[in-house]
Amino acid sequence: MGKSQNKERATFGSKLGVIFASVGSAVGLGNIWRFPYETGQQGGAAFILVYLICVLILGIPLVMAEFYLGRRSHANPVGAFRGLAPNTKWYLVGLMGVFSGVMIMGFYSVVSGWTFDYIFQALTGSLSDKTPEVFQKDFTAFSTNIYKPIIWVVIFMIITHVVIISGVKKGIERSAKIMMPMLFLIIVIMCIRSVTLPGGEKGLQFLFHPDFSKINSNVILGAMGQAFFSLSLGMGCLITYSSYFGPNVNLGKTAVTVALLDTMVAILAGVMIFPAVFSFGISPTQGPELVFITLPNVFQSMSFGYLWALLFFLLLGIAALTSAISLHEVTTSYMIEEYGLTRSAATSFVTITLIILGMICSLSVGAWSKFTIAGMNIFNLFDFISAKILLPLGGLWISIFVGWIVPYNDLKSELTNKGTLKFYGFNFYRFILRYFAPIAIILIFFNELGLISLS
Ligand code: TRP
């Protein structure tokens, strides 16, 4: 049995701290790197529309389900299932979550490292006076280089390490309270700049005028995967954070606030990027390289370009850090509570493991790119398996567990803070968890795996 029922458990100091930390987890590379390029590749507004629907009817209910699991059990994902369903195999869902988190961090730390390099380049002025071809060539040379990206992975992981080792209040909460306001400020400034560029309307049209003929099963799976990834859903990250929530936190309201802010940042990232991209006549469909190759091009054509580039990559770096912190904490809390390690031993163990995985992912883009599984290098494989398979699968099990295994009154009591809050539509909420969410996930999932065909 784990040591998950620790009485002296840390909590976040305030409700604002809860929001900042949770939004910090949700807002990350997923919003500012992944969302814009997925939108660009999957047809713009139509993808965004499906994405919004996924957040509303699957995302928010599942965020609440994870919040329930965390605060009810006061434990890491494995301990949560162990505590709520003792002597069953449900703890395996938590274990799968810990495993997915480690996998996500493998490629997440690499992209975060690239971001740090770009901050450095913007500072030293090497992001200007280049032709588009040179930007492309330089990015490829950098990302396939053996040492440089790995050095940045190590730097990025050391910063994450320092925050995690400082604990829940002094590390996670305090860093989020500093970084999140900075992030919002930078986004607002950059959006204003982007939409006032001549020709920017075309970018807004691309974002907000849906072409419904573009919706197909691939777009739907992409949107669902993106919703899970962006909301930090399906692997127990929110279980871990909510295990630090105090008894007065309104779980429903917090879930809605986090989902709204997360979605807002994703859309604002689109507003920041696409008008600028269209204004300079560049194609929006570039894929993962969008922010690293296309955008520097855009920036250098703007006046004070180095400043915009610096602000943008700072933004991306901050967003990446607060999310990586939440991913790191999942495994760290698991090691502390299930194996009885001290925080510093657990943190060090996790940091070293993640650095090694980051190195492997980084090398798989360059020196080891010939080594592929199912046509993907390790970097892409980790992204694919975690976002498109493990997260939806985790979400599926979580909805089944909270919908079917957890007693009605137990769920209601936790979500209403023992009856002191109103929860209109609780039965409808439970219906979503019991029927709608599992069926929707299964349909979308099996359709994508080619086992059934919806269209
Ligand atoms: N949500 C973060 C982003 O958008 C990434 C992230 C943090 C995450 N924790 C997670 C993704 C847990 C999936 C699961 O970048």
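The largest cavity has a volume of about 150 Å³, in what is a predicted model. Of the 19 residues lining this largest cavity, Ser25, Ile104, Phe229, Ser232 and Leu327 are the closest to its centre, and the elements that give two or more residues to the lining are H1, H2, H5, H10 and H14. By class, the lining of the largest cavity comprises 11 nonpolar and eight polar residues, with no charged residues.

The ligand sits in the largest cavity. Around the ligand there are 17 residues, of which Ala26, Gly30, Tyr108, Phe229 and Ser232 come nearest. The shell around the ligand divides into nine nonpolar and eight polar residues, again without a charged residue, and at least two of its residues come from each of helix H1 (15–26), helix H2 (29–41), helix H5 (91–123), helix H10 (217–230) and helix H14 (305–339).

Three of the residues that come nearest to the ligand, Gly30, Tyr108 and Ser232, also place polar atoms beside it, as the table sets out.

| Residue | Protein atom | Ligand atom | Distance |
|---|---|---|---|
| Gly30 | backbone N or O | oxygen | 2.7 Å |
| Tyr108 | side-chain N or O | oxygen | 2.5 Å |
| Ser232 | polar side-chain atom | nitrogen | 3.0 Å |

Taken alone, the ligand exposes 360 Å², and the protein buries 100% of that area.

The structure holds five cavities of 30 Å³ or more, and the second largest of them has a volume of about 80 Å³. Its lining is made up of Met190, Arg193, Ser194, Met272, Ile273, Ala276, Leu295, Val298, Phe299, Met302 and Phe312, to which helix H8 (168–195), helix H12 (251–279) and helix H13 (290–301) each supply at least two residues. By class, the lining of the second largest cavity has nine nonpolar residues, one polar residue and one charged residue.

Turning from cavities to pockets, the largest pocket has a volume of about 450 Å³. Twenty residues line the largest pocket, and Tyr37, Pro288, Phe379, Asn380 and Asp383 are the ones that lie nearest its centre. At least two residues of this lining are supplied by each of H2, helix H6 (132–144) and helix H16 (378–405); H2 also gives two or more residues to the lining of the largest cavity. The lining of the largest pocket consists of nine nonpolar, six polar and five charged residues, whereas the lining of the largest cavity has no charged residues.

Definitions and conventions
Residues are numbered from 1 along each chain as its sequence is written. This is a predicted model: local features need pLDDT of at least 70, side-chain atom pairs count only at pLDDT 80 or more; totals for chains, interfaces and linings use all residues. Side-chain values use heavy atoms; hydrogens and water are left out. A residue is near a molecule or strand if one of its heavy atoms lies within 4 Å of it. A polar contact is a pair of N or O atoms within 3.5 Å; within protein, one must be able to donate a hydrogen and the other to accept it, and residues adjacent in sequence count only if both atoms are side-chain atoms. Accessible areas come from the Shrake-Rupley method with a 1.4 Å probe; for residues, only the protein chains shown count as cover. On a 1 Å grid over the protein atoms alone, a cavity is a set of points where a 1.4 Å probe fits but cannot get out, and a pocket is an open set with protein on both sides within 12 Å along at least five of seven lines; lining residues have an atom within 4 Å of a point. A molecule sits in a cavity or pocket if more than half of its atoms lie within 2 Å of its grid points. Helices (H or I, at least four residues) and strands (E, at least two) are DSSP runs, numbered from the N terminus. Ala, Val, Leu, Ile, Met, Phe, Trp, Tyr, Cys and Pro count as nonpolar, Asp, Glu, Lys and Arg as charged, and the others, Gly among them, as polar. Grid points are joined across faces, edges and corners, and a volume is the space filled by probe spheres set on the points.
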